[in-house]
Amino acid sequence: MNQQYIMRLLTGMASLGIALGAATAQATPESDRQEFIKHYTTKYPNVKLEDYVYGALAFDADSKAQYDAIMEFPPYESQVENGRKMWETPFKNGKKYADCLPNGGKQIAGNYPMFDDAKGKVVTLQDAINDCRTANGEEAYKVNDMKTMGTLTSYMRTLSDGMLVNIKVEGPKATAAYEDGKKSYFSRKGQLNFACSSCHVQNVGSRLRSELISPTVGQTVHWPVFRGGDNLVTLQQRYQGCYSQVRAVPPPQGGTTMNNLEYFHSALSNGLPMKASVFRK
Ligand code: HEC
């Protein structure tokens, strides 16, 4: 990313009229979600909440029409088909993923990431898949390997299409993980000293080079994406891309920082429908 553009964006930044990100003792995940929504719907009263699942496309009718046309015959269908084969291929012991994930792996993605009290940490859907693999004598996949974990989830997540996001944050440990993710979201980082919120809250709907900036709400429902039609990108890989944009060293995928960030971020989309494997520019 061009530094000049970033600097122009920074100087043009309006100050936030609301206390988003301020550590208030009373804030709960639900009040945080409401506060984000209030910010966006006040700024853009004509954009419907249900359209936030389309990200930046919600602000740009022409790009949305292009997206709809591409989604009729997705150019990445063969990759998702490979994911289906991986999903259906039995492990060496004859068991399948559907045998060890809740509800046969269907309509569950909206429950993840979840806080696992026994493990004392956030578990992503990728972690649940790996737990299933190791319980059946298979090696865990690397969470950042697009050929294995990425491709598998590009199909597996479609089994939850239409499910409403339902992230629960209950108990002090889960709340601490959520708060840690929230802190990451609002902390300035990198040489350019930007927080996630600097762009996706303060500058939502503004143009950064050729791209409109999407709202935080709705961002987690549609992963992985296929950028340019065939380049599979998972949610945490996208986080890493955004860290790099501001010249920050991204935390490792699958580590506590990233998982807690995904936990907080996903809870903000509670109630919105999931739809996996979509096209992005
Ligand atoms: C310098 C501005 C900037 C910062 C800071 C930034 N992003 Fe982004 N982000 C973008 C742009 C531009 C895009 C591409 C357009 C879009 O979809 O919003 C994007 C895209 C995304 C997307 C994909 C949205 C979609 O629907 O495809 C996610 C998720 C995301 N950012 C999360 C984050 C997180 C988490 C952070 C903090 C670690 C962050 N971003 C920091 C500018 C930024």
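A: Helices here are DSSP runs of H or I with at least four residues, strands are E runs of at least two, and both are numbered from the N terminus. The model is predicted, so local features need pLDDT of at least 70 and side-chain atom pairs count only at pLDDT 80 or more, while totals for chains, interfaces and linings use all residues. Residue numbers start from 1 along each chain as its sequence is written.

Q: OK, which helices each supply at least two residues of the shell around the ligand?
A: A residue is near a molecule if its C-beta atom, placed from the backbone, lies within 6 Å of it. Here α9 (196-202) and α10 (235-245) each reach that count of at least two, and α10 gives the most, with 5 residues. There are 21 residues around the ligand, and those that come nearest are Gly-55, Cys-196, Cys-199, Ser-214 and Cys-242.

Q: And how do the residues of that shell divide into nonpolar, polar and charged?
A: Ala, Val, Leu, Ile, Met, Phe, Trp, Tyr, Cys and Pro count as nonpolar, Asp, Glu, Lys and Arg as charged, and the others, Gly among them, as polar. With that split, the shell has 12 nonpolar, 6 polar and 3 charged residues.

Q: What does the domain assignment of the protein chain give?
A: Bounds like these come from an automatic or database assignment. For this chain, domain 1 is made of 3-74 + 171-280, and domain 2 covers 77-160. Their C-alpha centres lie 24 Å apart. Counting two residues as in contact if their C-beta atoms, placed from the backbone, lie within 7 Å, the contact takes 21 residues from domain 1 and 23 from domain 2. On the domain 1 side, the elements giving two or more residues are α8 (172-186) and α11 (256-267). The largest share, 6 residues, comes from α11. By class, that side of domain 1 has 9 nonpolar, 10 polar and 2 charged residues.

Q: In what order do the 3 strands of the open sheet come?
A: Strands of a sheet pair through backbone hydrogen bonds, either parallel or antiparallel. Two strands count as paired if DSSP finds at least two bridges between them. The order here is β6-β5-β7, with mixed pairing. At the edges stand β6 (231-233) and β7 (278-280), each with a single partner strand, so one side of each has no neighbour in the sheet. Strand β5 (residues 225-227) pairs with β7 in the parallel sense over 3 bridges; in β7, Val-278 is the bridge partner of Val-225.

Q: Any backbone oddities: which residues does a cis peptide bond join?
A: One such bond joins Trp-223 and Pro-224, with omega about -5°; Pro-224 is in the loop between β4 (211-212) and β5. The bond from Tyr-112 to Pro-113 is cis too, with omega near -5°, and Pro-113 lies in the loop between α5 (97-100) and β1 (114-116). Asn-103 also lies in the loop between α5 and β1, and has a positive phi of about 50° although it is not a glycine.

Q: Last one: where does pLDDT stay under 50?
A: pLDDT is the predictor's confidence in each residue, from 0 to 100. The stretch is residues 9-19, for which the model has 9 contacts beyond four places in sequence. For the protein chain, the mean is 93, and 91% of residues reach 70 or more.
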